[in-house]
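Hi there,

Here is the structure we talked about, for you to open alongside this email. My notes on what turned up follow just below.

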Amino acid sequence: SAQAQTARARPTDPGAAQVGPMLARAATAVVSAAGPAVPALFRPRPSVLRALRAGTAATMATKAKGPTIKTRRDFVYYPDEALQLVKLAATAKFDESIDIAIQMGVDPRKAGENLRGVAQLPAGTGKTVRIAVFARGDKAEEARAAGADVVGAEELVELVQSGGLQADKVIATPDVMPLVGRVGRILGPRGLMPNPKLGTVTMDVTAAVSNARKGQVSFRVEKQAIIHAPLGRVSFSDEAILSNLRALVLAINALKPEGFKGDFFRHATLSSTMGPGVHIDVTTIDPSRARFGHTSGQYRDPKLEELGSAVKVDAIALMARHRRGEPVRA
């Protein structure tokens with residue numbers, strides 16, 4: 001069986017575990033194509049694998065779905081490794097979003113652990129944000145000058161009630177909050193209700209609009225203690241997405257309750273809009289850990305650098321050939 005072949009293909013040499021994090025994980029997933037075994041960071045779908053073993057590319061119509069990354073729970077990657085895998089598996093015809101899901105160690109039922117806040121992503125989100133501002137007089141003029149898409153007071157309330165408001169972010173000045181309260185039942189379920197804790201109820205509307213344009217994202221912990229947040233697009237550089245990830249986890253860590261015991265960050269998974277999730281080594285994104293911010297490059301053994309690079313190149317080349325629909329051979 002395929003499972004038995006994979007088990008036999010796993011290295012038994014004690015030295016294999018010393019090849020480094022990336023190589024050791026790569027060595028556990030082996031693709032048997034029409035030729036020698038090829039170490040890879042993913043395993044193709046069974047239908048694709050059968051076609052490859054037959055030595056034909058006739059059934060490569062499934063290539064549009066892309067490779068399936070092996071994501072067992074005991075497989076964790078450094079953030080830069082996970083990001084590389086997510087990008088290679090993003091085969092959709094549009095610029096997919098890259099998102100992160102973080103399992104927190106809090107209990108959302110407790111008032112002090114119901115996390116909610118905002119993070120300013122330095123590289124932005126890659127999304128065009130439509131901003132609506134509830135304000136009157138001079139503050140309304142400031143909002144228009146800052147670039148708000150829709151500005152108003154009573155007339156904006158009527159627009160919300162009629163269902164015509166198309167906005168991704170709603171900002172309000174404190175003096176018009178009684179008006180906004182009338183449409184709270186409409187804005188609340190859509191996640192648009194202005195909130196002082198999120199910086200969307202403020203007299204400084206210019207700064208609020210500017211921050212929203214530059215990539216400010218709001219987050220909150222769900223009932224299952226999970227936080228979902230966007231980090232950018234597949235077209236973003238690795239450095240941009242990793243800088244956004246750092247800003248996000250620092251913003252979350254700043255909300256850590258006083259006297260909290262246990263692991264604040266438990267698990268984390270990176271994924272694209274249409275792609276599979278890849279588990280991240282949570283110790284590298286937890287600001288309270290010594291390994292915070294570490295990447296795979298910091299743990300490579302110089303003696304094994306050449307071998308590790310060869311496996312990485314083979315894996316990337318194999319995925320690229322899958323995406324182009326070419327037969328995969330060793």
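How many bridges join E4 to E8? Five, and the two strands run antiparallel. Two strands are said to pair if DSSP finds at least two bridges between them. Helices (H or I, at least four residues) and strands (E, at least two) are DSSP runs, numbered from the N terminus.

Before the rest, some housekeeping. This is a predicted model, in which local features need pLDDT of at least 70 and side-chain atom pairs count only at pLDDT 80 or more, while totals for chains, interfaces and linings use all residues. Residues are numbered from 1 along each chain as its sequence is written, and side-chain values use heavy atoms, with hydrogens and water left out.

**Overall picture**

The chain has eleven helices and eleven strands. Of its 330 residues, 44% are buried; buried means under 20% relative accessible area, exposed over 50%, and partly exposed in between (1.4 Å probe, protein chains only). Among contacts with a separation of 6 or more, 70% are between residues 24 or more positions apart, where contact means heavy atoms within 4.5 Å.

**Back to E4**

Strand E4 (residues 116-120) has two faces: Gly117 and Ala119 are on the covered one, whereas Arg116, Val118 and Gln120 are on the uncovered one. Gln120 has Gln216 as its bridge partner in E8.

The loop between E4 and E5 holds Gly126. Gly126 is partly exposed, at a relative accessible area of 49%. Not counting residues up to four places away in sequence, Gly126 touches Arg233 and Phe236. From Gly126 to Asp95 it is 31 residues in sequence and 9.6 Å in space, C-alpha to C-alpha.

**The two open sheets**

One open sheet has four strands in the order E9-E3-E10-E11, with antiparallel pairing. E9 and E11 are its edge strands, each pairing on one side only. On average, neighbouring strands here are turned by 25 degrees against each other, direction ignored. For angles, axes are lines fitted to C-alpha atoms, for helices over the stretch in contact, and angles run from 0 to 180 degrees between N-to-C directions.

Within this sheet, strand E3 (residues 97-104) pairs with E9 over seven bridges in the antiparallel sense. Ala101 stands opposite His228 in E9, and Ile98 has Gly232 as its bridge partner there. E3 also pairs with strand E10 (residues 265-272), again antiparallel and over seven bridges, with Ile100 opposite Leu270. Helix H10 (residues 238-253) lies across E3, E9 and E10, running at about 155 degrees to E9.

The other open sheet has three strands in the order E6-E5-E7, and its pairing is parallel. Strand E6 (150-152) and E7 are at the edges with a single partner strand each, so one side of each is left without a neighbour in the sheet. The twist averages 15 degrees from one strand to the next. Strand E5 (residues 131-134) and E7 are joined by four bridges, and Phe134 stands opposite Ala172 in E7. Helix H9 (residues 205-214) packs on this sheet, touching E5 and E7, and its direction makes about 165 degrees with that of E5.

**The largest pocket**

The largest pocket has a volume of about 780 Å³. On a 1 Å grid over the protein atoms alone, a pocket is an open set of points where a 1.4 Å probe fits, with protein on both sides within 12 Å along at least five of seven lines; lining residues have an atom within 4 Å of a point. Grid points are joined across faces, edges and corners, and the volume is the space filled by probe spheres set on the points.

Of the 30 lining residues, Asp168, Lys169, Gly191, Val217 and Ser218 are the closest to the centre of the pocket. Strand E8 (216-220) is one of the elements that give two or more residues to the lining, and E8 supplies the largest share, five residues.

**A helix and a proline**

Helix H4 (residues 79-88) is largely enclosed by the rest of the structure, because nine of its ten residues are buried. Among them are Glu81 and Lys87.

Pro287 is found in the loop between strand E11 (278-280) and helix H11 (305-324), and is partly exposed with a relative accessible area of 22%. Leaving aside neighbours within four places in sequence, the contacts of Pro287 include Val249, Leu250 and Phe292. Pro287 and Val249 are 38 residues apart in sequence and 7.4 Å apart in space, C-alpha to C-alpha.

Happy browsing, and best wishes!
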